[in-house]
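Reader: Got a minute to go through this model with me? I'd like to start with one of the helices.

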Amino acid sequence: MRVFNSSPPSEAQTRSRILQAARRLFASQGFDGTTTRDLAQAAGVAEGTLFRHFPNKKAILVEVATAGWVEILTDLLTELSEMGSYKAVAQVMRRRMWNMQKNADLMRVCFMEAQFHPDLRDRIQSEVIAKMTDVAEAFFQTAMDRGIYRQMDAKLVAKVFLGMFAIAGFSHNTLMEPNAPPEKMQQMAEGLADIFLNGVLARE
């Protein structure tokens, strides 16, 4: 007779399971529509275990959304740093849009719930977006210093770019039909990149 020793999950593993379950449930049911009992069942833990790791349900939302924004923007800035040309914005945008489609649950939590929780929105703004904007600003300032982009307010350019990127993140639900084929995503990425790089005024 063989005996299998299955050690209990570590505290870090339990915490991770709770956050993964929360990401799924908050995306499908919304924060208000999800109970701590739902979370505990989905994570496979006792309800009391939730409160050993988090003081309340709101703290779980804050952790999921803050970590999600870090993940989303870190991926974007990594793409920027690896961009072969300062003009290859469409390539970066297309890859990010594709990645966002694969992480639709995370996108719904990060974009939607932050709108209904001002304290969460303020924390994301101060802890994540402001820092990421600074990194993007330095990237665009370098392009200006090299004469590739025209000289202008680099922080404003960074904010416009990140805002455009956020719109692209919702493209599969708003600007494009669900499950759009890669060609449609490519067209949208190229269109956004063209507007970003060249503006909308006709050349005189």
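Reader: What covers the buried residues of α2?
Author: The cover includes α1 (11–29), α3 (47–53) and α4 (57–81). Buried means under 20% relative accessible area, exposed over 50%, partly exposed in between (1.4 Å probe, protein chains only). Helices are DSSP runs (H or I, at least four residues), and strands are too (E, at least two), numbered from the N terminus.

Reader: Is this predicted or experimental, and how are residues numbered?
Author: This is a predicted model: local features need pLDDT of at least 70, side-chain atom pairs count only at pLDDT 80 or more, and totals for chains, interfaces and linings use all residues. Numbering runs from 1 along each chain as its sequence is written, and side-chain values use heavy atoms, with hydrogens and water left out.

Reader: Which residues of α2 are buried?
Author: Thr 36, Leu 39, Ala 40 and Ala 43, in a helix that spans residues 36–43. They sit on the same side of α2 because they cover an arc of only 95 degrees around the axis. That arc is taken from the directions from the helix axis to the C-beta atoms.

Reader: And what is exposed on the other side?
Author: Arg 37 and Gln 41.

Reader: What follows α2?
Author: Gly 44, with a positive phi near 70 degrees.

Reader: Zoom out. How many helices and strands?
Author: 9 helices and 0 strands. Of the 204 residues in the protein, 42% are buried.

Reader: Now pockets. What volume does the largest have?
Author: About 430 Å³. Its lining has 14 residues, and the closest to the centre are Arg 150, Met 152, Phe 196, Leu 197 and Asn 198. A pocket is an open set of points on a 1 Å grid over the protein atoms alone, where a 1.4 Å probe fits, with protein on both sides within 12 Å along at least five of seven lines; lining residues have an atom within 4 Å of a point. Volume is the space filled by probe spheres set on the points.

Reader: Which helices supply at least two residues of that lining?
Author: α8 (154–169) and α9 (182–198) each do. By class, the lining has 9 nonpolar, 2 polar and 3 charged residues.

Reader: How much space is in the second largest pocket?
Author: About 210 Å³. Of its 10 lining residues, Trp 69, Cys 110, Ala 114, Arg 121 and Ile 129 are the closest to the centre. Helices α6 (104–116) and α7 (118–145) each supply at least two lining residues.

Note on methods. Nonpolar A, V, L, I, M, F, W, Y, C, P; charged D, E, K, R; others polar. Contact = heavy atoms within 4.5 Å.
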